[in-house]
Amino acid sequence: MAEKYYIDWANFHQDVKLLAQKIKSSGEYNKIIAISRGGLLPAGILAYELDIRNSQAINISSYDNNERREDDEIELDCNVGEVDGKTLIVDDLSDTGRTFRLVKKLYPQAKYAAVYSKPKGRKDVDICASELPDKWIVFPWDVE
């Protein structure tokens, strides 16, 4: 089993607020698109922190339980309307950057934000709150 890195609710919320500050410093945005499911919670918090009411979601499934799907097996469901440079696309983690690369093919003009990134995924996000070690990340909603 891979070594695990645990994040609790308090640290997660603090890191999303840090991400909000970094986003505020990078420009103005009028739309948030969460990458479901991991991006739903941070996108909701960011919507309040940044006072953005236009919030939507892209449904993408690159993992089936803990098994990684191949690119041609990934389901991508998005009907988010117009996306431009004032649109934030948000996820909880950029692990390898693969999810962001897939979405960027559809929306290259958006700004990409993740609460956390690992070394391999850092180059695929524009803004992140914190870089994490290359371990299996256990989010507070994953704890049994």
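## Buried residues and the overall fold

A residue is called buried when its relative accessible area is under 20%, exposed when that value is over 50%, and partly exposed in between. With this in mind, one can look at helix H2, which covers residues 40-49 and in which Pro42, Ala43, Ile45, Leu46 and Ala47 are buried. The structure shown here is a predicted model, and every value in this report was computed from that model.

The chain has 144 residues, of which 44% count as buried. It contains three helices and ten strands, and when these elements are read from the N terminus on, they follow the order β-α-β-α-β-β-β-β-β-α-β-β-β. Among the contacts in the chain with a separation of 6 or more, 61% are between residues 24 or more positions apart. The area that the chain exposes is about 8300 Å², and carbon and sulfur atoms supply 45% of it.

## Helix H2 and the loops on either side

The general geometry of a helix is useful when looking at such a list of buried residues. An α-helix has 3.6 residues a turn, so residues three or four places apart point the same way.

The loop between E2 and H2 holds Arg37, and the peptide bond that leads from Ser36 to Arg37 is cis, with an omega near 15 degrees. Just after H2 comes Asp51, whose phi is positive, at about 55 degrees, although Asp51 is not a glycine. Asp51 belongs to the loop between H2 and strand E3, which spans residues 55-61, and its relative accessibility of 61% is over the 50% cut-off, so Asp51 counts as exposed.

## A buried lysine in strand E2

Lys31 is located in strand E2, which runs over residues 31-36. Which side chain of opposite charge is nearest to Lys31? It is that of Glu82, at a distance of 7.4 Å, and Lys31, although buried, has no salt bridge. A salt bridge requires a side-chain nitrogen of Lys or Arg within 4 Å of a carboxyl oxygen of Asp or Glu, so a separation of 7.4 Å does not qualify.

The side chain of Lys31 does, however, reach the backbone oxygen of Glu82, at 2.7 Å. If neighbours within four places in sequence are left aside, the residues in contact with Lys31 include Ile52, Asn54 and Gln56, and also Val80, Gly81, Glu82, Lys86, Thr87 and Leu88.

## Salt bridges

Side chains of opposite charge can pair when their charged atoms come close. In this model, the count comes to six salt bridges. One of them joins the side chains of Lys135 and Glu3, with 3.2 Å from N to O. This pair links distant parts of the chain, 132 residues apart, since Lys135 is in the loop between strand E9 (127-131) and strand E10 (136-138), while Glu3 is in the segment before strand E1 (4-6). Lys135 is partly exposed, with a relative accessible area of 25%, whereas Glu3 is exposed, at 55%.

Another salt bridge is formed by Arg101 and Asp124, whose closest N and O atoms are 2.8 Å apart. Arg101 lies in helix H3 (residues 98-106) and Asp124 in the loop between strand E8 (111-117) and E9, so this pair ties together parts of the chain that are 23 residues apart in sequence. Arg101 is partly exposed, with a relative accessible area of 36%, while Asp124 is buried, at 7%. Asp124 also meets the side chain of Lys123 in a salt bridge, at 3.7 Å from N to O, and Lys123 is exposed, with a relative accessible area of 65%. Through salt bridges that share partners, Arg101, Lys123 and Asp124 are joined into one network.

## Helix H1 and the end of the chain

Which residues does Pro140, found in the segment after E10, touch beyond those up to four places away in sequence? They are Ile7, Asp8, Trp9 and Phe12. Pro140 and Phe12 are 128 residues apart in sequence, and yet their C-alpha atoms are 8.0 Å apart in space. Pro140 has a relative accessible area of 10%, which is under the 20% cut-off, and therefore Pro140 is buried.

Trp9, one of the residues that Pro140 touches, lies in helix H1, which covers residues 9-26. On the surface, Trp9 forms a nonpolar patch with Leu41 and Trp141, and these residues together have about 310 Å² of accessible area.

Note on methods:
Residues numbered from 1 in each chain as written. Predicted model: local features only at pLDDT ≥ 70, side-chain atom pairs only at ≥ 80, totals over all residues. Heavy atoms only, no water. Patch = residues over 30% accessible without salt bridge, like charges linked within 9 Å, V, L, I, M, F, W, Y side chains within 5 Å. Areas by Shrake-Rupley, 256 points an atom, 1.4 Å probe, with all protein chains shown as cover. Helix = DSSP H or I, 4+ residues; strand = E, 2+ residues; numbered from the N terminus. Buried < 20%, exposed > 50% of the residue type's maximum accessible area, 1.4 Å probe, protein only. Contact = heavy atoms within 4.5 Å. Lys, Arg positive; Asp, Glu negative; His and termini not counted. Polar contact = N/O pair within 3.5 Å; in protein donor to acceptor, adjacent residues only side chain to side chain.
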